[in-house]
Structures are given as C-alpha cells and as structure tokens.
Amino acid sequence: RDAHYSWIPATVLAHPDSLASPVPRLRVRIRLPSDWEDRTVVPKGGDPSSIELERTVKLSDYPNRELPLQNLEKDGKTAMGKNDMADLPNLHEAAILYNLKERHSGGVPYTRVGDIMVAMNPFQWIDGLYSEEKKFFYAKNLIWQAQPKPTKPVTEENGNQPLATAASERQAIGYEHEKLGIDPHVFETASLAYLGLALGGSDQTILVTGESGAGKTETIKIVMNHLATVERSRPNWPESDRDMDSEHGSDTVNRVLRANTVFEAFGNAKTLRNDNSSRFGKFTQLQFDVEDTSYANLNGRAIPSCLLAGSKCITYLLEKSRVVSVSQGERTYHIFYQLLEAPNEIKKDIWEEGLVGASTADFNYLSTSSAQEHGFDSGEEWIETVDALSTFGIKGDAFFDVMRSLCIILQLGNLTFEPEVVYGEERSSISSIEALAKLSTLMGVPESEIETAMTKRFMMTRGEEFTISLKDTEARDGCDALAKEIYARVFDYLVRNINECTEPKGSAGGFYGTISLL
C-alpha cells in the first residue's frame, strides 16, 4: 500500500522471524509496471522514477496480517486480466484497481463483477463501441437466440452461433459470457433487462451510480436508446426499417429519446470535473407493451415483443443555487448560453431590448463564464433544444413564455440594491434604474410595484397588515430566491409536459411492464 499511488506490486525479499511478533514486518522490493512513467499521475513536483524501490512494511496494516496476492499469468511476471473480475484468483481492492487499469489502458471501458457492469470513462469516443452492428450483436445473441450452446466462442464474425439452451440461462446476468466470447458492454446490461421483462414478465431496474464525471448521464442515454430500439434488431424485423434514418420513426420512441435533450439543456451544467454534469436527480421509468406469451407462441415468436409504449420521469433535488451563483471555472445551466447564441430574429421576438447583441458579460448571473467556451457549441445546441421542445408541444406562445421566464431570471440578477436610512430605520432601494426599467417592460409590471415587492415584506398579524422594510442584503437574497423559484417552476413545467406527451395511450392487449433507470 502506498500513500499516493494506493497499491504498488512488489516481491517479498525477507520474511519476519515470527508472525506472532507484536509488529511483524516484511522487506519488499517494488516491481514497477512497464507503463509506469507513461501512465502514472505523480504528486505535484514529484518524479515517477524517484519512487523508493525497497521498503519495510508492517503486516499489521493489512487485513489478517497478510499482503494481498497479485494475479499473475503462468510466467509469474505478466499481470492477469479478466473480463469478469469474479474470475480473478485473488479478488481484493488492489486486484480490482489493476484489472480496471489494464483494461482502461487498452481502450476497453467495460468490465464485469458478476452481475455488475463497471464502466471506466475513457473521456474520448471509441469508434464502433456503440455502432448499430454492435447493438444488433448483443441483442441477437443475448435475446433472440434460443438454441443449443455453441461449440466454439461467439464473435461478431461468426455471430450466427446461438448462445444458450434456455431462457433461464440467458436471463442470468453473467452466466457464461467469458467462455462464450461476449465482451462486457452496457448493451449486455440493457439486453438482459429487456429479456427479463419479455420472458419473465418481471419489471426490471437498472441502477447507474458513480462520482461526478464518471459517465452516468451518457450511460443512461445509451441504455435508453438501446432499450427503445431493441425490437428493430428482431430477426424478422423489416430490413428497410433498420437504418439510422428510420431509427426514430416511431413517435413514441422519438419523444422518449428527445426528452434527454431537454433535460440536458435545462438540468445540466459544466462543473470543474464534468462539462455536462446533471445537476438534478432523475428516476426514469420506461413502459413497454409486453405481448402475452401464448399469443407470441401462436405467432411463432419465442421471445414476446416488448414495444416501447411511453415513459414517466420523476425529478428531484434540482440545484437551484446554480442559477444565481457558480464557482470560478464552472457554468450555470446550458440553456442560458444557448439562449444568448440564438439567432437575432428569435431574440427580437423573445426580448429585443435585452437579448440582441448581449453576451454573458451583460448579465451578473453569467458574468463569470462564457457562451463560447471550448467544447461547447451553444448555437448548434440551441437548434436541437428548440426542436426537442416542439416535440413536447412547447412552441409558439408557450415557447416564448419559457424563454422570457429565463430572461426575467437573468434580469433579476442585474438589479442592484443600496442601503438607505429613513427616520432611523435601515431600508433599501433599487439603484439600477435602467435594469429595473428593462425588467418592468419584460414582465409587464410597473417599476414601482417591482421595487416595493423587492424591498419590502408584508405580514398579517391578528387581521392587521404590517410592512417591514428590508436591508439591501435581505433584498438581494430575496431577489435571488425569486430567480431560483422561477427556474424551478419552469423546470417542473417542462417535466409535466414531457410526461404528458410520453405517457402510454393504452395497451394493445398485453400488459405494461417497466424498466426503471435510476
């Protein structure tokens, strides 16, 4: 064990005289991996080649006073790697880390641990990893095949070989994938969840968890896309409907998948660790119209069809504070930057006085960030967001109401308050006259009423109304609170519209089964 590098492979040089000693010690020599200098993150100002190679370790620092054994090939030098870490001879923290490291270094992001799929974010796009061919390969071999076991491993080249003898075997996650040549993949998790719903009629749940930047958002999108379109990989599905142009041909599939675009625009933001971090919790339930088994058998289908009928989404813990304040190097929600990059024709219709020619520097809530940061194309994303919103009926007046609500939030951030003392009482007033005038025009509310609402608080006690003047700091806090509440209500409005547009319209004769993503 190493204070900085966590675990380092070593060879024992000398054994202790007695393991019964109060503090038994071992003399070891560090064996650095061949890629040590190229792939090791060193402490600030450190040198990966200056590591102390011989050390004395205390066995009392390790479980059962034993050093964890390395997993080596027969040559005794090469580290052993496995698709499924449950197959490692010695399974412990160090073995898990080094197995994941080796696979990640080789461009293999997925590894099994029994029925758990571990994904290491490669932070780059790997060609072919999520191709249509790959999607069909996993669906075909994990769902549609139901014949005797193959005599040789299945590969994408000889993919005609069936995989299992019975549905129960295929349904068991991780059953014999290592021997059958199926590499770990998130398509495997999605395919087996679909199979469990289709054959067993049991609702399924896929839990995606990890730290910020681990790839949870992208993983859920990949899983949803696979589940929504997996029926198209069925062997008797028309070939003309398999290509990318027809992938979203179903209105239901289109609506369910397009919801992700809206959620990313209004619920995701850049953080120090992740350019597209979800700043809210989401529980998504995909609802499938599951075909009755007897009807499927009557029509010659071994696997009943599960057609996506709709979805339901529950959101929680939206990070409202990000609307009014972000740390240096971070950004607020993507939609604000997209709005600033919208075409001027649209800006004129939304709020000509404040949006046309404006940049992040013109709004206090955005002044610490930029719409044109590296890695973001807010103008292109704006087009996608507008198109997605129209899918859920948010167009015309409804669209402009949503966008003007965002403008009101931005303009609230431009209000400034100054303290004043009247008859010995501390009060505040709005000092940004021009910003107040713009807000008044945008909201359609007189300036005096806005100032009164921002700088005073009203209380009812025993039927009598009292007016309490707010200090400048209290007025600023109240203004920020209003901005956060408006954004939260806009977000809830979008969620309601999405759910109304994606809810099932009625089963075709089977029952609704669910695959939940959390």
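1. Tyr487 is a good place to start in this predicted model: the residue is buried, with a relative accessible area of 1%. Tyr333 is buried as well, at a relative accessible area of 0%.

2. What else ties in with these tyrosines? The whole structure holds 14 aromatic pairs. Among them are Tyr333 and Tyr487, whose ring centres are 5.1 Å apart with planes at 15 degrees, so they count as stacked. Tyr333 belongs to the loop between strand E10 (306-316) and helix H10 (334-340), while Tyr487 sits in helix H16 (residues 472-502), so the stack ties together parts that are 154 residues apart in sequence.

3. The E10-H10 loop also takes part in a charge contact with helix H16. Glu485 and Lys320 form a salt bridge, their closest N and O atoms being 3.9 Å apart. Because Glu485 lies in H16 and Lys320 in the loop between E10 and H10, this pair ties together parts that are 165 residues apart in sequence. Glu485 is partly exposed, with 32% relative accessibility, and Lys320 is partly exposed too, with a relative accessible area of 33%. Elsewhere, salt bridges with shared partners join Arg279, Glu319, Arg322 and Glu330 into one network.

4. You may also like to look at Arg331, which lies over the face of Tyr337, at 3.8 Å from the ring centre. For a contrast in the loop between E10 and H10, turn to Leu317. Leu317 is exposed, with a relative accessible area of 72%. Together with Leu207, Ile314, Tyr316 and Leu518, Leu317 forms a nonpolar patch on the surface, and the five residues have about 520 Å² of accessible area together.

5. Next, the salt bridges as a group: the count comes to 19. One of particular note for its setting joins Glu188 to Arg112, with the closest N and O atoms 2.9 Å apart. Glu188 is in helix H6 (residues 186-200) and Arg112 in strand E4 (residues 110-113), so the pair ties together parts that are 76 residues apart in sequence. Both partners, Glu188 and Arg112, are buried.

6. Is the salt bridge of Glu211 with Arg273 built from buried or exposed residues? Glu211 is exposed, and so is Arg273. Their closest N and O atoms are 3.3 Å apart. Glu211 is found in the loop between strand E6 (204-206) and helix H7 (216-229), and Arg273 in the loop between strand E7 (268-269) and strand E8 (277-278), so this bridge ties together parts that are 62 residues apart in sequence.

7. Helix H3 (residues 132-144) deserves a look for its cover: ten of its 13 residues are buried. The buried residues include Phe137, Tyr138, Leu142, Ile143 and Trp144, but also Glu132, Lys134, Lys135 and Asn141. Phe137 and Tyr138 belong to one aromatic cluster with Trp125, Tyr130 and Phe187.

8. Just ahead of that helix comes a backbone point to check. Phe123 has a positive phi of about 55 degrees although it is not a glycine. Phe123 is placed in the loop between strand E5 (116-119) and H3, and the residue is exposed, with a relative accessible area of 64%. Ser6 also has a positive phi, near 70 degrees, and is a residue other than glycine. Ser6 lies in the segment before strand E1 (10-14) and, at 28% relative accessibility, counts as partly exposed. As background, most residues other than glycine have a negative phi.

9. On cysteines, the search of the whole structure finds zero disulfides. Two cysteines can be described by their cover: Cys407 is buried, at 0% relative accessibility, whereas Cys501 is partly exposed, at 21%.

10. Finally, a small point on Met80, which has its place in the loop between strand E3 (54-58) and helix H2 (93-105). Met80 is buried, with a relative accessible area of 17%; the cut-off for that term is under 20%. The C-alpha atoms of Met80 and Ala95 are separated by 9.3 Å, and the two residues are 15 residues apart along the chain.

Definitions and conventions: Residues numbered from 1 in each chain as written. Predicted model: local features only at pLDDT ≥ 70, side-chain atom pairs only at ≥ 80, totals over all residues. Heavy atoms only, no water. Phe/Tyr/Trp six-rings, centres within 6.5 Å; stacked < 30°, edge-to-face > 60°. Helix = DSSP H or I, 4+ residues; strand = E, 2+ residues; numbered from the N terminus. Buried < 20%, exposed > 50% of the residue type's maximum accessible area, 1.4 Å probe, protein only. Lys NZ or Arg CZ within 6 Å of the ring centre and 35° of its normal. Patch = residues over 30% accessible without salt bridge, like charges linked within 9 Å, V, L, I, M, F, W, Y side chains within 5 Å. Areas by Shrake-Rupley, 256 points an atom, 1.4 Å probe, with all protein chains shown as cover. Salt bridge = Lys/Arg side-chain N within 4 Å of Asp/Glu carboxyl O. Disulfide = S-S within 2.5 Å.
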